[in-house]
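Trainee: Please take a close look at a single chain of this model, at how it is divided and at what it touches.

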Amino acid sequence: MNNLNLKEIMNKPERLAPGHRMCAGCGATIGVRAVLRALHEGDYAVIGNATGCLEVSTYMYPYTAWEDSYIHNAFENAGATLSGVETAYKALKKKGKIPEDVNYKFITFGGDGGTYDIGFQSLSGAMERNHDMVYVCYDNGAYMNTGIQRSSATPMYADTTTTPVGSQSNGKMQNRKDLAAIIAEHDVPYVAQTTLTTDFKDLHRKSEKAIYTEGACFLNMMAPCPRGWQYDTSEIMKICKLAVDTCYWPLFEVDHGKWILNYEPKKKLPIEDFLREQGRFKHLFKKGNEDLLVQFQQEVDRRWENLLYRCARED
Amino acid sequence: MRTDVNKINEMTPHQELTEGLMMFAGGTSKGFKTGEWRTNTPVFLEEKCKQCLLCAPVCPDCSIPVKDSKRAEFDYDHCKGCGICAKVCPFGAIEMKEGR
Amino acid sequence: MPKKDRMSGNEAVAYAIKQINPDVMPAFPITPSTEIPQMVSSYIANGEVDTEFIPVESEHSSMSAAIGAQAAGARTLTATSSAGLALMWEELLLAASNRMPLALALVNRTLSGPININCDHTDSMGARDTGWIQIYAENNQEVYDNFIQAYPIAEHKDVHLPIMICQDGFITSHAVENIELMDDDVVKEFVGEYEPEEFLLNPGKPMAVGPYAISAYAMEARKNQEIALENSKDVIWQVAKEYEKISGRKYGFFEEYRTKDADYIMLIMGSAAGTAKQAVDELREQGKKVGVLKLRVFRPFPAKEIAAALSRCKAVAIMDRCESYNGNGGPLGSEVTAALFRNKVMIEAVNYIYGLAGRDFTVENVFDIFAQLDDAVTSGTEIEQYQYIGLRK
């Protein structure tokens, strides 16, 4: 791996231009910038994008925020679309239509709606065929573009517009799907779960590894949404840190089948610390709902133990 | 056939729009000034800054330019005033003030 | 030297693909078009083509990947039928609106339900307003010829639209016929290299495909797309003329068979035109003035030309191998009558629905239809304007 020094990395030219229409404080764009910084200078890229906040905000005609070539096709087919682009690259290289010394990389971005749900088949196909590409899910845990409806990435008990909290409802009834594990089971070369951390080392290293590992790679990047999660825009880095320190969003990678835990908090914080910061969970702190918090904690613990087991059994 | 974004606006006749509304150019969004959305504004206090650069990567709007490992003044044409940078600065070198 | 061979319609398409040697083919199998990707896969396995095959997990992904590959700068195609085309529906629209000149070998099959694997035109007719050029074939020779003309039409700078080359499932796709094949180098020269001016994989020249467009731009974009489809009419003519020079076979928007002095004309698309021609030959021997207008190009719709071709006859039977469920007839029924009205050709125009889901269409059916038209015109018998032929009653 190359230099992970932030001061060096930040000197690279930006590959996502300002002037896009994402909300103030959006986590997705912070993540996208970090992923793109992992591209080596001199390498070209084609960026794919599923329909979603990122797409409608970064390429609103005639304004593209992408310095690289970019293709948005539809909501449910970002995996397939980029697999076509990547295959074209192979075909054109073979025919000598792209110069030998030119190096292209293929990265596609999709929200959890376009990735976990409507685009899941397309993603699964692209991963199974092992195209030389990276699929990055910016997971904000709901369909934010259409107005905060639940997705299969939404955590249990979250208040969304299709799982509203009411006198007979405590929010979403089901647990979230573990997409990183599902993609890892496709036996692709590299899968990682990551988010925004103060030094951006985790995200940078994983992005670089995913981009420069041959074959299909997948990053699941938690990217908080201030509107959907209901917190003050300035608090994003604190929320990401709490997600990691409560073990709600563990940082791990699966490198050629080997599960590796990248971070274990010295002191695992109670899940309340993460939930309390967000309006979508405020009903959990009402009197009489203590058992819901207990259940949430149990689910976090169960998943964390499961992850530790997966990582340990490799030793 | 490269596209000049300045020649496309909401009054452009259909014959002069690009084929399939493709843009034969990169990074044209710089011409759209999202700074107008701002309700709070970060102020850079250069004398307090230690150039740790923790602020630059957290900006969703690429509005903290970095050159030679040093940050420069905010890009107020595009900064939306979310305040993340002010929160992460360990040295109090970014202050939020109300208004634009 | 052109060579004679015996081939099924699917083989003919696959052979044309081999001669063109396109860059990328994503495909998912579906009866009756499955053989096409199978044969291309064999060509690849034996090093006969350079094409990269993508074994996608659905037709939805085959069209999605095709759009990606074409945008990236590769000459791309896919093949499908029936439900496969239906599953692509959203992407068909995108291929056209993103102005991707890719080709689709469609082997026409009905759509569910009930599920049935046989021929009618429900699949392509359902896609008639997606912005694609649609060309239909009567027999295997035409399928082959149409496919070789596909890229020169689609890739023309005034067009840049996707093209669907249609043939009738099983009837031509699986039936073996005599066919004349051109030499590889003649085909290669005719089709030429694909050299797009702009594409995703153009180093130092980034581009962006598929924007969100506000109303201020979206309507203008649609008009531009419509203009491109209109432009394709001239291009289809030019390409047909060039093709005649290398093949000796003449093509246009439609074929007029014994229509010059005809009182009654049957307007029909696809393989059933062969049946209609045979019936016409027999009726001509009895002194009946009948003919066939075999429509080849359905999109763009040659309305003026059709109206002119029908202007001298007394009645037309408009044959739809598709039900529209509009309570008023089939798609050709609607469009041909509109063309006649707009061009002030006031003749009897009867819309027949035939051959759904593989129902046989016979010479006797054609006799019945011409007899009905004659009865209506000469005796003034009122005739049902929209009716099924070959239906058990």
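Mentor: The account below follows chain C from its domains to its partner chain, and then to one helix and one loop residue.

The model is predicted, so local features are reported only at pLDDT of at least 70 and side-chain atom pairs only at pLDDT 80 or more, whereas totals for chains, interfaces and linings use all residues. Residues are numbered from 1 along each chain as its sequence is written, while chains are lettered from A and ligands numbered from 1 in the order in which they are written.

Chain C is divided into domain 1 (3–247) and domain 2 (254–388), with bounds that come from an automatic or database domain assignment. Taken over C-alpha atoms, the centres of the two domains of chain C lie 28 Å apart. Between them, 25 residues of domain 1 are in contact with 20 residues of domain 2, a contact being two residues whose C-beta atoms, placed from the backbone, lie within 7 Å. On the domain 1 side, the elements giving two or more residues are α6 (122–126), β6 (133–136) and α9 of chain C; here helices are DSSP runs of H or I with at least four residues, strands are runs of E with at least two, and both are numbered from the N terminus. The greatest share of that side comes from α9(C), with five residues. By class, the domain 1 side holds nine nonpolar, ten polar and six charged residues. In this scheme Ala, Val, Leu, Ile, Met, Phe, Trp, Tyr, Cys and Pro are nonpolar, Asp, Glu, Lys and Arg are charged, and the others, Gly among them, are polar.

Helix α9(C) also figures at the boundary with chain B. There, 18 residues of chain C are in contact with eleven residues of chain B. Both β9 (208–209) and α9 (215–247) of chain C supply at least two residues to the chain C side, and α9(C) gives the most, with six. That side has nine nonpolar, four polar and five charged residues.

The partner, chain B, has one helix and four strands, in the order β-β-β-α-β from the N terminus. Its radius of gyration is 17 Å, well over the 13 Å that the globule rule gives for 100 residues, so chain B is more spread out than a compact globule; the radius is taken over C-alpha atoms, and the rule is 2.2 Å times the number of residues to the power 0.38. The C-alpha trace of chain B spans about 55 × 30 × 15 Å along its principal axes.

Returning to chain C, helix α10 (residues 272–285) has 14 residues, which should span 20 Å at 1.5 Å a residue, and its end C-alpha atoms are indeed 20 Å apart; the expected span is 1.5 Å times one less than the number of residues. Its buried residues include C:A272, C:A276, C:V280 and C:L283, where buried means 20 or more other C-beta atoms within 10 Å, exposed means 12 or fewer, and partly exposed lies in between, with C-beta atoms placed from the backbone. The buried residues of α10(C) pack against β10 (254–257), β11 (264–269), β12 (290–295), β14 (315–320) and α13 (363–379) of chain C. After the helix comes C:G287, with a positive phi near 90 degrees.

Lastly, C:T31 lies in the loop between β2 (24–26) and α2 (35–45) of chain C. Because C:T31 has 18 C-beta neighbours inside 10 Å, it counts as partly exposed. Beyond neighbours within four places in sequence, C:T31 is in contact with C:S81 and C:I117.
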